[in-house]
Amino acid sequence: MTDHDITPDAGSLPVPGSDGFSDAEAAFISEMGSLMERWGLPQATGRLFGYLLLRNKPVDLDTMTRELGQAKSGLSVAARQLEAWSLVRRSTRAGSRRIGYEAVGDLQHLLLVNNAHMRKFTETLSSGIPVARGEARDRLASLAGLFNGYVEQTEALVAAWEARRAAS
């Protein structure tokens, strides 16, 4: 990515074919925004995550603002949301006060972050079992069992993946 400007506009996306993003990059960034919106995050947060996944080094807010054409304040909020979800990390360079953000990007890390949310969801479902009756109780128990199995299988998948990576 070069140091050039993309004309900002409210809620702008990278412009396909612009001098800043290829069509494929713009599509990926946009799709990540749509995907993360389905997870309950703002589209801008998802777009920022997509953008950071495509970067090879940490990016500061001024660069993000210039390259994405979005307000610095909005990108700051999005970066903090991603940080809260453990999807990005902050970094600084010696002698600089600028904060850079980079995507964590390890698949196993993303799965474990998702598992933490699923575990909480499972606990909440399970807490309703003692107070429910009849079909509702059965439904809650079934859902809690399904999500608990999902968490266990995902943890086993991550452990196996990490073992294969360590062996190679």
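User: Is Phe121 buried, partly exposed or exposed, and what is its relative accessibility?

Analyst: In this predicted model, Phe121 has a relative accessibility of 38%, so it counts as partly exposed, since that class lies between the cut-offs of 20% and 50%. Phe121 is found in helix H5, which covers residues 107–128.

User: How far apart are the C-alpha atoms of Phe121 and Asn148?

Analyst: The C-alpha atoms of Phe121 and Asn148 are separated by 9.3 Å, although the two residues are 27 residues apart along the chain.

User: And Thr154, buried or exposed?

Analyst: Thr154 is buried, because its relative accessible area is 7% and buried means under 20%. Thr154 has its place in helix H6, residues 134–167, and, if we leave aside its neighbours within four places in sequence, it is in contact with Leu111 and Asn115.

User: Let me step back a bit. How many helices and strands does the protein chain have?

Analyst: The secondary structure of the protein chain comes to six helices and three strands, and along the sequence these follow the pattern α-α-β-α-α-β-β-α-α. Of the 168 residues, 33% count as buried.

User: What share of the contacts comes from residues 24 or more positions apart?

Analyst: If we take the contacts in the protein chain with a separation of 6 or more, residues 24 or more positions apart account for 48% of them.

User: Now the core. Which residues have the most contacts inside the largest nonpolar core?

Analyst: They are Leu48, Phe49, Tyr51, Leu52 and Met64, in a core that has 22 residues. The elements that give two or more residues to this core are helix H1 (23–38), helix H2 (43–53), H3, H4 and strand S3 (99–103).

User: How many residues of H2 are buried, then?

Analyst: Eight of the eleven residues of H2 are buried, so this helix is mostly covered, with buried taken as under 20% relative accessible area. The buried ones are Thr45, Gly46, Arg47, Leu48, Phe49, Gly50, Tyr51 and Leu52.

User: What is Phe49 in contact with, leaving aside its neighbours within four places in sequence?

Analyst: Phe49 is in contact with Met32, Met36, Leu82, Leu87, Val88, Ala103 and Leu110.

User: Different topic: at what angle do the axes of H3 and H4 cross?

Analyst: The axes of helix H3 (residues 61–68) and helix H4 (residues 72–84) cross at roughly 115° and come within 9 Å, and the crossing is right-handed. On the H3 side the contact is made by Leu61, Asp62, Met64, Thr65 and Leu68, while H4 brings Lys72, Leu75 and Ser76. These residues divide into four nonpolar, two polar and two charged.

User: What about the strands, in what order do they form the sheet?

Analyst: The three strands form an open sheet in the order S1-S3-S2, and the pairing is antiparallel. Strand S1 (59–60) and strand S2 (88–92) stand at the edges and each has a single partner strand, so one side of each is left without a neighbour in the sheet.

User: Which helix packs on the sheet?

Analyst: Helix H4 packs on the sheet, where it touches S2 and S3, and its direction makes about 115° with that of S2.

User: How many bridges join the strands, S2 to S3 for a start?

Analyst: Five bridges join S2 to S3, and among the facing residues Arg90 stands opposite Tyr101, while Ser91 has Gly100 in S3 as its bridge partner. For S1 and S3, which also run antiparallel, two bridges join the strands, and here Val59 stands opposite Tyr101 in S3.

User: How many residues lie between S2 and S3 in their hairpin?

Analyst: There are six residues between S2 and S3 in the hairpin, and Gly95 in the turn has a positive phi of about 85°.

User: What is the phi of Ser86, which is not a glycine?

Analyst: Ser86 has a positive phi of about 60° although it is not a glycine. The residue sits in the loop between H4 and S2 and, at 32% relative accessibility, Ser86 counts as partly exposed.

Note on methods. Residues numbered from 1 in each chain as written. Predicted model: local features only at pLDDT ≥ 70, side-chain atom pairs only at ≥ 80, totals over all residues. Heavy atoms only, no water. Axes fitted to C-alpha atoms, helices over the stretch in contact; angles between N-to-C directions. Helix = DSSP H or I, 4+ residues; strand = E, 2+ residues; numbered from the N terminus. Left-handed = near helix turned anticlockwise from the far one by under 90°. Contact = heavy atoms within 4.5 Å. Nonpolar A, V, L, I, M, F, W, Y, C, P; charged D, E, K, R; others polar. Core = buried A, V, L, I, M, F, W, Y, C linked by side-chain atoms within 4.5 Å. Buried < 20%, exposed > 50% of the residue type's maximum accessible area, 1.4 Å probe, protein only. Pairing = 2+ DSSP bridges.
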